[in-house]
Amino acid sequence: GPTGTGTGRLRSLPALPLVGSLLQLAGHPQLHLRLWRLQGRYGSLYGLWMGSHYVVVVNSYRHAREVLLKKGKAFAGRPRTVTTDLLSRGGKDIAFASYGPLWKFQRKLVHAALSMFGEGSVALEKIICREAASLCETLGAAQDMALDMAPELTRAVTNVVCSLCFNSSYRRGDPEFEAMLEYSQGIVDTVAKESLVDIFPWLQIFPNRDLALLKRCLKVRDQLLQQKFTEHKEAFCGDTVRDLMDALLQVRLNAENSSSPEPGLELTDDHLLMTVGDIFGAGVETTTTVLKWAVLYLLHYPEVQKKIQEEMDQKIGLARHPHLSDRPLLPYLEATISEVLRIRPVSPLLIPHVSLADTSIGEYSIPKGARVVINLWSVHHDEKEWDKPEEFNPERFLDEQGQHIHSPSPSYLPFGAGIRVCLGEVLAKMELFLFLAWVLQRFTLECPQDQPLPSLEGKFGVVLQVQKFRVKARLREAWRGETVG
Ligand code: HEM
Ligand code: PLO
């Protein structure tokens, strides 16, 4: 209704006592696809029960925009689940903390710190280019071998976030880096999968393989974070702020020294640790995943790769490396990145939102405490909005002259929107652009001859993962025999 409370009753999947609608969802590991297909029977907006939790599934951009933007504040909550509570020590981070004054304060701090060290800072561009150069060096050394690029891409991205958070970086084969790779994979494999333990908290008392793995991985992560934290606390003097960790320490120091401390805004050590843990985890897993998808699509669509390279040859040439300021010169590369983010959204169901009051979506009333899942897969594959949505076609993001990028449809939200919008969008786009530009200026990426094209099917989880694959990086003709500085 016009007052915004809604009158209609939402269609829901059949539900049984205790298990709810689990029977319709069980046996479908690709939850985003299952929820996408259920639209056929229940419409684009429907409800279901996960055990005792009522969940509303949003599959259209109109409703998604209503939830995230128009009624952003009413839907700004987060559910508490067993696995995310373990990951964030009971919601002391940003991503899995529910809406409240302390969360708002933390978000504002990190946003300010990220703009100070990151976005628009020459230092950050330098760091990314340093890592891009190192990545190219590794690719060059592995010339014509069938290489698993994943660890190399991860190291490049990790070093950028590491510089930002801790003012440090990893060399190849660093044991701490290997440990980080392993624990982070374990966390991605187990956290927030709406696994049984998230639906039935009492299952915690039973041995659960996933939960045991998560706890083991968190122990390693916690040691690593704690060590960085202790080092920073010892070295911190308040004069120079080297990184995000220092920036957080400084804010806390200022608050402690203030004569009128704001009640309810006390940041404990746990809050600082979990906040950095979020930025570190989000910074690494998301950007790396997009880079892997980009490489995979370039193997499948060599003509797209060729067009990117032609654009680069024309606008940049061979005499210099790509800079961030080249972004307006390379619309086809930018369009390719946009298309990768559309066709394989990193976060296919975002992070679940929770309604903080009785409210509505469209004409339907939504009770306080409902979980709201935005199915970004459905939004990005809506046939009414996208022409042949499963086709990889960067040109859909280009204007008639091929000079500017724009989304042809409002049904596009790769970073979410509103109060809970991604904090790292600017940073991620800087990295994606520079890493791809550096690599493609010099190399052509191909599928090793004796191997079939790797699968484009993702693996659902807290991020939409790419299956392992190998790549041959061939030095481009123009670069053979040249020395580049
Ligand atoms: C949240 C996408 C990179 C930090 C999110 C959300 C999405 C997203 C869809 C959830 C929004 C919601 O629940 O409504 C992406 C994509 C990335 C990326 C596609 C890469 C291409 C990054 C990076 C960082 C970051 C590099 C760190 C610097 C965060 C944080 C949140 C978040 C902290 C939680 C925000 C909150 O709950 O208030 N991101 N992200 N992301 N992202 Fe990103
Ligand atoms: C990735 C594994 C890390 O070890 C811990 C971590 C922290 C923040 C999470 C991130 C993981 C996955 C991607 C998330 C991010 C917060 C925002 C981001 C969920 C679990 C997205 C895409 O929403």
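**Notebook: two ligands in a predicted model**

I began with the shell around ligand 1, whose residues divide into 16 nonpolar, seven polar and three charged. A reminder to myself: this is a predicted model.

**Entry 1: the iron.** Which protein atom serves as donor to the iron atom of ligand 1? I found a single one, the SG of Cys422, 2.3 Å away. I then traced Cys422 along the chain and landed in the loop between helix H16 (376-380) and helix H17 (425-442).

**Entry 2: neighbours of ligand 1.** I listed 26 residues around ligand 1, and the ones that come nearest are Arg78, Arg107, His353, Arg420 and Cys422. Next I looked for polar side-chain atoms by the oxygen atoms of this ligand. His353 places one 2.7 Å from an oxygen atom of ligand 1. For Arg107 I noted 2.8 Å to an oxygen atom of the ligand, and for Arg420 the distance to a ligand oxygen is 2.9 Å. Then I asked which elements give two or more residues to this shell. They are helix H6 (101-117), helix H13 (269-300) and H17. H13 gives the most, with six residues.

**Entry 3: ligand 2.** I moved on to the second ligand and counted 16 residues around it. Ala95, Ser184, Ile187, Glu285 and Ile351 come nearest. In the side chain of Ser184, an N or O atom is 3.2 Å from an oxygen atom of ligand 2. How much of the accessible area of ligand 2 does the protein cover? On its own the ligand has 480 Å², and the protein covers 89% of that. Two or more residues of this shell come from each of helix H9 (175-190) and H13. I met H13 here again: it supplies the largest share of the shell around ligand 2, five residues. Sorting the shell by residue type gave me ten nonpolar, four polar and two charged.

**Entry 4: stepping back.** I closed with the protein as a whole, where I counted 17 helices and eight strands. Along the principal axes, the C-alpha trace spans about 70 × 60 × 45 Å. Why did I call the fold's radius of gyration consistent with a compact globule? Because a compact globule of 485 residues would have a value near 23 Å, and the protein has 23 Å, which agrees. Last, I checked burial: 56% of the 485 residues count as buried.

How values were computed: Residues numbered from 1 in each chain as written. Chains lettered and ligands numbered in written order. Predicted model: local features only at pLDDT ≥ 70, side-chain atom pairs only at ≥ 80, totals over all residues. Heavy atoms only, no water. Donors = N, O, S within 2.8 Å, 3.2 Å for Na, K, Ca; no water. Helix = DSSP H or I, 4+ residues; strand = E, 2+ residues; numbered from the N terminus. Near = heavy atom within 4 Å. Polar contact = N/O pair within 3.5 Å; in protein donor to acceptor, adjacent residues only side chain to side chain. Nonpolar A, V, L, I, M, F, W, Y, C, P; charged D, E, K, R; others polar. Areas by Shrake-Rupley, 256 points an atom, 1.4 Å probe, with all protein chains shown as cover. Rg over C-alpha atoms; globule rule 2.2 N^0.38 Å. Buried < 20%, exposed > 50% of the residue type's maximum accessible area, 1.4 Å probe, protein only.
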